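Q: I am new to this structure. Please pick one part, look at it closely, and then place it beside the rest of the chain.

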Amino acid sequence: MGDLSKAEKDFLMRKHEQTMKLRAEFLKNSSNPFRHATGEGGTLFDAGLSRFQAMRVNYFEHFKPTGHAFRIGMGVVVLPIALYAWAMKAERDCREQQYRNGEVAYKDRLFKFI
């Protein structure tokens, strides 16, 4: 903080003091054991958290499908599932072919009831 001007230092100090004042008020209100007696209930109303939750609820009402969103959805959801299903089927078909050709003895099979 040595290279800051006096105005910048004063601004940072005021900001820090305001933060500490808000923090102390929040801690005082949230740890008050007699809060229920005032009729306010046991929780504090947080405007920022309320706005965030409202934004998350209304997200899909304002969602506009685009090609970019489609590509992301395909790449993140559909493509990994399809690749995993293909790899699993190919591995099982290869193993089944080895069983049918007699290349794997019955005692060496991983699953003996197939």
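A: Here is a close look at helix α3, followed by its surroundings.

First, some ground rules. This is a predicted model, in which local features need pLDDT of at least 70, side-chain atom pairs count only at pLDDT 80 or more, and totals for chains, interfaces and linings use all residues. Residues are numbered from 1 along each chain as its sequence is written, and side-chain values use heavy atoms, with hydrogens and water left out.

Helix α3 covers residues 67-101. Helices here are DSSP runs of H or I with at least four residues, strands are runs of E with at least two, and both are numbered from the N terminus. How far apart are the end C-alpha atoms of α3? They are 48 Å apart. The expected span is 1.5 Å times one less than the number of residues. For the 35 residues of α3 that gives 51 Å, so the two values agree.

The helix also bends. At Met74 the bend is about 40°. That is the angle between axes fitted to the seven residues ending there and the seven starting there.

A record adds a label. An unreviewed UniProt entry places a "transmembrane region" at residues 68-87. UniProt positions are given in the numbering used here, feature names are shortened, and annotations may be inferred rather than shown by experiment. In the model, residues 68-87 are 100% helix and 0% strand. The end C-alpha atoms of that span lie 27 Å apart.

What comes after α3? Gly102 follows, with a positive phi near 80°. Lys112 lies in the segment after α3. Lys112 counts as partly exposed because its relative accessible area is 33%. (Buried means under 20%, exposed over 50%, and partly exposed in between, with a 1.4 Å probe and protein chains only.) Lys112 and Thr66 are 46 residues apart in sequence and 50 Å apart in space, C-alpha to C-alpha.

One contact involves Tyr99 and Arg109. The charged end of Arg109 sits over the ring of Tyr99, 4.4 Å from the ring centre. The rule asks for NZ of Lys or CZ of Arg within 6 Å of the ring centre and within 35 degrees of the ring normal.

Now the wider chain. It is divided into domain 1 (1-34 + 44-63) and domain 2 (64-113). These bounds come from an automatic or database domain assignment. The domain centres, taken over C-alpha atoms, are 50 Å apart.

Tyr59, Phe60 and Phe63 form one aromatic cluster. Rings of Phe, Tyr and Trp (its six-membered ring) pair if their centres lie within 6.5 Å; planes under 30 degrees apart are stacked, over 60 edge-to-face, and the rest tilted. The count is two aromatic pairs. Tyr59 and Phe60 pair edge-to-face, 5.1 Å centre to centre with 80° between the planes. Tyr59 and Phe63 make a tilted pair, at 6.1 Å and 45°. Phe60 is exposed at 66% relative accessible area, while Phe63 is partly exposed at 35%.
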